[in-house]
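User: Could you take a close look with me at one part of this protein? I am curious about its aromatic rings and what surrounds them.

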Amino acid sequence: MELRCADEASTLGREVMKITLKRPKQFADRGRSYLIAIDGRNTTYLRPKESKEIEAPPGARRLTAHLDWATGNAIDLTKLSSDATIAIKNSVPGDVWIPFLPTLYMFAAPQSYLKLEIAPQRIIL
């Protein structure tokens, strides 16, 4: 008989989850790419106005986005259905350009600079 850890046992029977990441057009960070990580492992980069489909391995728990030292809320992957869509944007309001405003946001609240939001699923009747 083989013993398995709790994390490994919870992944049995789970399939790879497909997630669509979308980044809207925003003036701030327009030349920067966001680093996407799943459970602390760097997965991909997301450029401005880009939409990308990624696969989360079985047992994956957290999806996060990073820009330099700034980050945002984490998405709990265990509560998502497969084929979920997540929008990632910065917290700088609108398309207003005020010099150094994005930098101020990154220094003032680096843990809440990026916002990850689960897009509502379409219901097919």
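Which residue lies over the face of Phe27, and at what distance from the ring centre?

Analyst: Happy to, and please keep in mind that this is a predicted model. The residue over the face of Phe27 is Arg30, at 4.1 Å from the ring centre. There is another arrangement of this kind to look at: Arg23 lies over the face of Tyr34, at 3.6 Å from the ring centre.

Next, rings that pair with each other. The count here is 1 aromatic pair. Its members are Trp69 and Phe107, and the pair counts as tilted because the planes stand at 40°, which falls between the cut-offs of 30 and 60 degrees, while the ring centres are 5.1 Å apart. This pair links distant parts of the chain, with the two positions 38 residues apart in sequence numbering. Trp69 belongs to the loop between strand 5 (62-67) and strand 6 (70-71), whereas Phe107 is in helix 2 (residues 101-108). As for surface exposure, Trp69 has a relative accessibility of 48% and so counts as partly exposed. Phe107, with a relative accessible area of 58%, is exposed.

It helps to place these rings in the whole chain. The chain holds 2 helices and 9 strands, and their order along the sequence is α-β-β-β-β-β-β-β-β-α-β. Of its 125 residues, 35% count as buried. Among contacts between residues at least 6 apart in sequence, 67% join residues at least 24 apart.

You may also like to look at the largest pocket, which has a volume of about 160 Å³. Its lining is made up of 12 residues, and those nearest the pocket centre are Ala28, Asp29, Arg32, Pro102 and Thr103. Sorted by class, the lining has 6 nonpolar, 2 polar and 4 charged residues.

Finally, follow the chain past helix 2 to Ser112, which sits in the loop between that helix and strand 9 (114-118). Ser112 has a relative accessibility of 41%, so this residue counts as partly exposed. Beyond its neighbours within four places in sequence, Ser112 is in contact with Thr71, Gly72 and Ser91. For Ser112 and Ser91, the C-alpha to C-alpha distance is 7.5 Å, although the two are 21 residues apart in sequence.

Technical notes:
Residues numbered from 1 in each chain as written. Predicted model: local features only at pLDDT ≥ 70, side-chain atom pairs only at ≥ 80, totals over all residues. Heavy atoms only, no water. Phe/Tyr/Trp six-rings, centres within 6.5 Å; stacked < 30°, edge-to-face > 60°. Helix = DSSP H or I, 4+ residues; strand = E, 2+ residues; numbered from the N terminus. Buried < 20%, exposed > 50% of the residue type's maximum accessible area, 1.4 Å probe, protein only. Lys NZ or Arg CZ within 6 Å of the ring centre and 35° of its normal. 1 Å grid on protein atoms, 1.4 Å probe; cavity = no way out; pocket = protein on both sides within 12 Å on 5 of 7 lines; lining within 4 Å. Points joined across faces, edges and corners; volume = space filled by probe spheres on them. Nonpolar A, V, L, I, M, F, W, Y, C, P; charged D, E, K, R; others polar. Contact = heavy atoms within 4.5 Å.
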